[in-house]
Amino acid sequence: MLIATYNVHRAIGSDRRTDPGRILGVLREIDADVYALQEVEAHDDGADMLAWLGKELGFHAVPGTTLKRKDGHFGNGLLTRSPVRGRRTTDISWRGREPRGAIVVDVDCGGRELRVVATHLGLRPAERRDQVQQLLHLFRERPDDHSILLGDLNEWFLWGRPLRRLHRHFKQTPSLATFPSFLPLLALDRVWAHPRGMLKRIAVHKTPLARKASDHLPLVATLEL
């Protein structure tokens with residue numbers, strides 16, 4: 001099973017051109033079973049990137065709006081090939097900062113249920129520390145579940161407390177640079193799995209199209225349930 005996390009940056013590429021078609025092309029290159037997307041945009045005129053991507057791929061689309069604007073909304077999104085057995089969103093916003101959230105979805109993977117939590121954390125260290133604590137509660141609800149956490153964690157420091165707390169819960173996973181897409185230096189996008197043994201491989205998807213389509217590169221993980 002393949003899963004991927006990808007900050008699509010509202011489909012604005014490294015060349016500053018907006019082109020959702022390039023995002024769709026990258027997703028087709030990866031051919032994952034589950035995609036966690038960040039910075040997905042929709043407009044009241046009917047231009048909804050997540051819904052359009054889901055329709056083009058034939059996937060179930062689960063929105064996770066975090067910011068409502070006058071002409072539309074913005075936030076996280078999840079696309080899954082597998083049937084959805086349960087879904088909800090949770091608000092992890094921090095006082096006075098940009099609203100943040102997480103999508104919690106239980107998907108049916110051939111008879112085995114997988115809990116998927118997709119998120120995009122804040123920019124301040126104290127904000128991320130608080131948000132990680134909130135996210136860990138979602139996994140403590142059902143500690144025996146097969147589960148994954150993935151998204152853009154915005155954590156610049158590999159030794160920071162948010163990552164240490166996540167490593168204690170999930171066990172450590174590789175830190176692979178995904179940002180900026182044209183010359184990746186920072187491991188902002190991450191994947192964790194429980195139990196750790198089901199996570200077999202993590203790799204950055206760095207094709208020529210992916211380097212242009214967004215300011216982040218996708219991070220792809222192979223799971224064995």
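Which residues does I148 touch, not counting residues up to four places away in sequence? In this predicted model, the list runs to I3, L114, R115, V116, V117, F139, W192, A193, M198 and L223. That makes I148 a handy place to start looking around. Together with Y35 and L37, I148 is among the residues with the most contacts inside the largest nonpolar core, which has 45 residues. There is also a second, separate core, this one of 16 residues, and V104, L121, L135 and L149 are included in it.

**Two helices side by side**

Next, take a look at helix α1, residues 20-30, and helix α2, residues 49-57. Their axes lie 11 Å apart, and the two helices pack at an angle of about 45 degrees. An angle under 35 degrees would count as roughly parallel, and 65 to 115 as roughly perpendicular; α1 and α2 are therefore oblique to each other. The crossing of α1 past α2 is right-handed.

Who meets whom here? On the α1 side you'll find P20, G21, I23, L24, L27 and R28, and they meet W52, L53, E56 and L57 on the α2 side. Sorted by class, this contact has 7 nonpolar residues, 1 polar and 2 charged.

**Some unusual backbone spots**

Most residues other than glycine have a negative phi, and most peptide bonds are trans. A few places in this chain go the other way, and the table collects them.

| Place | Feature | Value |
|---|---|---|
| F179 to P180 | cis peptide bond | omega near -10 degrees |
| H194 to P195 | cis peptide bond | omega near -5 degrees |
| D31 | positive phi | about 60 degrees |
| N154 | positive phi | near 55 degrees |

Where do they sit? P180 is in the loop between α4 (161-170) and β9 (189-194), while P195 belongs to the loop between β9 and β10 (199-204). You can find D31 in the loop between α1 and β2 (34-43), and N154 in the loop between β8 (146-152) and α4.

Are D31 and N154 buried or exposed, or something in between? Buried means under 20% relative accessible area, and exposed means over 50%. D31 has 48% relative accessibility, so D31 counts as partly exposed. N154 has 6%, so N154 counts as buried.

**Around R100 and L123**

N154 turns up again when you look at R100, a residue in the loop between β5 (84-91) and β6 (101-109). With a relative accessible area of 7%, R100 is buried. What does R100 touch, leaving out residues up to four places away in sequence? Its contacts are T66, T90, D91, I92, S93, H120, L121, G122, L123, E127, Q131 and N154. One of these, L121, is also included in the second core.

L123 is worth a stop too. You'll see it in the loop between β7 (112-120) and α3 (125-140). At a relative accessible area of 46%, L123 is partly exposed. Apart from neighbours within four places in sequence, L123 is in contact with R97, R100, R128 and N154. So how do these loops link up? R100 touches both L123 and N154, and L123 is in contact with N154.

One last distance to try in the viewer: the C-alpha atoms of L123 and L136 are separated by 19 Å, with the two positions 13 residues apart along the chain count.

Notes:
Residues numbered from 1 in each chain as written. Predicted model: local features only at pLDDT ≥ 70, side-chain atom pairs only at ≥ 80, totals over all residues. Heavy atoms only, no water. Core = buried A, V, L, I, M, F, W, Y, C linked by side-chain atoms within 4.5 Å. Buried < 20%, exposed > 50% of the residue type's maximum accessible area, 1.4 Å probe, protein only. Contact = heavy atoms within 4.5 Å. Axes fitted to C-alpha atoms, helices over the stretch in contact; angles between N-to-C directions. Helix = DSSP H or I, 4+ residues; strand = E, 2+ residues; numbered from the N terminus. Parallel < 35°, antiparallel > 145°, perpendicular 65-115°, else oblique. Left-handed = near helix turned anticlockwise from the far one by under 90°. Nonpolar A, V, L, I, M, F, W, Y, C, P; charged D, E, K, R; others polar.
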